[in-house]
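Here's a quick tour for anyone meeting this structure for the first time. Have a look at it, then read on.

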Amino acid sequence: MILFVLFYKVKFFFLNVKSFWKILLNMFLLFIAIIYGRLSALIITKANEGVIGISPEQVVQFVMFLVAIITFIRMFFPSYKPIRMLVPKYYPVSKFTLYTASLISELISPFFLYLIIYFASCKNTSYDIRPFLNYGLNILFSSHLLRRIIQYQLDFKLKKIASVISIIVVIGIVIVVCSNLFFMNNIFPLLITIILFIMGFVLDTLTIEERNRDLVNNKIKFVSKNIYLKMILNRPSARLPIFAAIIFKLLFLGFDLFLFNIKGKHVFDGQLIYWLFCSPLLFFTYTFNNIWGFWKNLWFNLYIRTNNYKDMIVAGMKLQLFPLLIDAIMSCFILSFSQKDNFLPFFIVFYFTSLIFLFIFSFVWSLICPVYLKTTFQIKGSTSFISILVSITGVLFLALISLNIWFYIIVPIYLFIAFIAFRLSLKLYLEKKYSIANMLLKN
Amino acid sequence: MIQIENISMSYGKLVVLSNINLSIEKGQIYCLLGKNGVGKTTLINLILDLIKPSEGTIKILGFKSNMLDKSMKKKLGAVNDSLALIEELTGYEFLYFVGKIYGLPTDTLKKRIFDIFSYFFEDESDLYKNISKYSTGMKKKLAFCSSVIHTPEILILDEPFSGLDPLVADQMICFINKYQNKDRVILMSSHDLSYVEKVATHIAVLDKKKIIFNSTLQDFTENGEKKIDSALLKFLRPNNSAIEKFDWI
């Protein structure tokens with residue numbers, strides 16, 4: 001079975017790169033991986049010769065940190081990618097084979113291929129590269145395994161003991177890696193990878209079943225005044241990505257605050273990408289850009305009973321209010337501790353402009369490119385690709401205001417675009433309402 | 001009150017309804033009959049403006065169905081096949097939510113919720129259960145409650161009796177008969193002919209993409225000489241002879 005999965009994945013990869021542009025893109029990425037590998041080798045050599053003032057070990061650790069972060073972030077960003085069950089559990093395949101095969105099917109992907117080529121391109125330096133390759137491959141696999149362990153909590157129902165053990169293991173591994181124990185000797189990284197592999201297998205065997213995303217819990221029994229909050233809390237398909245976005249952002253900002261206090265630098269210091277994580281972007285790319293897909297019966301009710309998109313926007317606003325309020329408080333609170341003087345006016349302008357932009361556009365995306373949800377975290381994404389792309393680009397451009405005060409001129413432009421988008425959504429509603437109804441009725 | 005004019009509906013090359021004309025006036029209870037998949041639900045979804053017709057227009061209270069504003073929608077109550085219940089809420093919260101969409105005053109709304117709920121549900125504590133915990137029949141009843149809570153002039157019901165036990169179906173018939181008056185109109189689709197017989201004033205039979213019968217219940221049953229099921233079989237001939245082929249049963 002494992003051989004079949006190997007063969008199938010490789011075949012599928014080649015079948016998928018039929019078009020000229022895809023071949024060109026893959027060649028380009030391959031080239032980039034080699035160039036970066038050679039560049040890293042050069043930096044390590046220079047560091048070894050004492051030219052750049054840092055030790056080669058520090059360079060290696062920095063590279064490993066980046067590899068781990070990128071591997072890990074793939075899980076969340078720009079949208080959550082769930083663990084794929086290769087075949088249902090009732091198939092007559094041993095649990096170990098099933099686990100190994102599903103792991104291999106994930107590892108045989110262009111992402112891992114490019115990173116392995118990157119590591120292989122780092123050789124031929126005067127510095128002994130073997131530890132680098134050892135750390136590199138192990139950190140690559142172990143961060144992927146760590147990602148899987150976390151995802152087991154989100155995607156599957158586990159026995160309680162399994163959840164507790166996995167949380168302890170994850171915390172332990174993070175402490176080990178962060179405290180540099182990982183780089184103590186050559187055996188340690190391999191040992192961690194093996195532990196994580198075994199842990200993953202244990203969790204796989206202790207999985208009760210895949211989460212039923214449509215099951216609505218009855219945790220809140222009282223008659224709630226805020227029914228919109230209840231619509232979030234009692235709907236796992238919406239609750240999970242919103243909580244995931246809050247936790248992810250909290251972790252990112254917490255880590256950033258920690259780094260700022262220790263080293264006086266931010267995670268992506270001086271780069272616009274930093275501000276992506278400070279805006280409420282994740283809530284929109286996860287959930288709100290497809291608000292009628294997540295709450296289809298709310299849409300049906302408002303449609304049948306009012307046929308008025310303004311009413312739907314108001315209902316959508318009430319739904320978004322609580323998570324965005326938490327996000328605004330959290331972001332403002334944490335960032336005020338990790339930024340320099342005169343930060344607050346900038347942050348308020350940036351945060352609230354991006355919020356208005358994303359909020360208004362979420363109703364345009366929900367209208368023109370709704371996505372039907374079968375599960376919470378589906379492979380094709382729970383919001384449309386175009387909405388993710390435009391949201392990210394929009395926030396990145398807005399972050400230009402951090403570079404120069406002249407860029408503040410784009411703020412009114414953003415507000416104007418949002419206003420136009422609002423008017424447009426009201427107009428588009430009459431035309432697009434059937435496509436939403438069609439999508440929701442079909443399924 | 002409802003005018004269906006030359007309505008045709010097709011999904012690509014598949015024609016579902018062809019040149020349908022129907023006029024439903026005040027005081028009538030119209031029942032759509034027909035085989036499975038003949039287009040009854042499609043016709044109801046067209047009236048509710050959930051799908052766009054390929055040709056023709058539907059007018060409700062004199063206005064095109066796709067142009068109805070909030071005040072006009074207030075005069076319409078509907079249960080379609082998806083039921084559209086917000087399952088994260090309790091029965092009470094859902095009815096309250098629906099009532100507030102229609103702008104009912106809180107006191108009136110509360111009274112109506114308790115009245116209608118206690119009529120259809122034996123156990124009042126069900127009102128405070130999440131809808132996700134309801135059985136299919138309970139969901140059907142709740143959807144019906146939500147469609148009449150604002151006392152609309154036009155009531156459109158897709159298969160209102162399916163999934164209901166005979167007792168509740170009988171309660172629903174009583175309710176519909178009490179609800180109906182000379183200013184209101186009810187359009188429903190159903191397969192439960194014994195229930196249809198108790199409420200319908202008019203019958204429309206859909207077959208082969210068209211309306212093949214459209215008249216009063218008296219005409220349909222030939223002034224009561226035929227039972228409703230045998231009257232229907234006159235229009236929809238079953239292929240019973242094909243059963244002879246099954247020599248392996």
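## Before we start

Call a residue buried if 20 or more other C-beta atoms, placed from the backbone, lie within 10 Å of its own. Helices here are DSSP runs (H or I, at least four residues), numbered from the N terminus.

This is a predicted model, where local features need pLDDT of at least 70, side-chain atom pairs count only at pLDDT 80 or more, and totals for chains, interfaces and linings use all residues. Residues are numbered from 1 along each chain as its sequence is written, while chains are lettered from A and ligands numbered from 1 in the order in which they are written.

## Helix H10

H10(A) runs over residues 236-263, which is 28 residues. From first C-alpha to last it reaches 39 Å, close to the 40 Å expected at 1.5 Å a residue (that is, 1.5 Å times one less than the number of residues). Its buried residues include Pro241(A), Lys249(A), Phe252(A) and Asp256(A). Right after H10(A) comes Gly264(A), with a positive phi near 75°.

## Where the chains meet

Between the chains, 22 residues of chain A are in contact (C-beta atoms, placed from the backbone, within 7 Å) with 27 residues of chain B. Helices H9 (227-233), H14 (296-305) and H18 (410-442) of chain A each give two or more residues to chain A's side. H14(A) supplies the largest share of that side, six residues.

Key: Contact = placed C-beta atoms within 7 Å. Buried ≥ 20, exposed ≤ 12 C-beta atoms within 10 Å, placed from the backbone.
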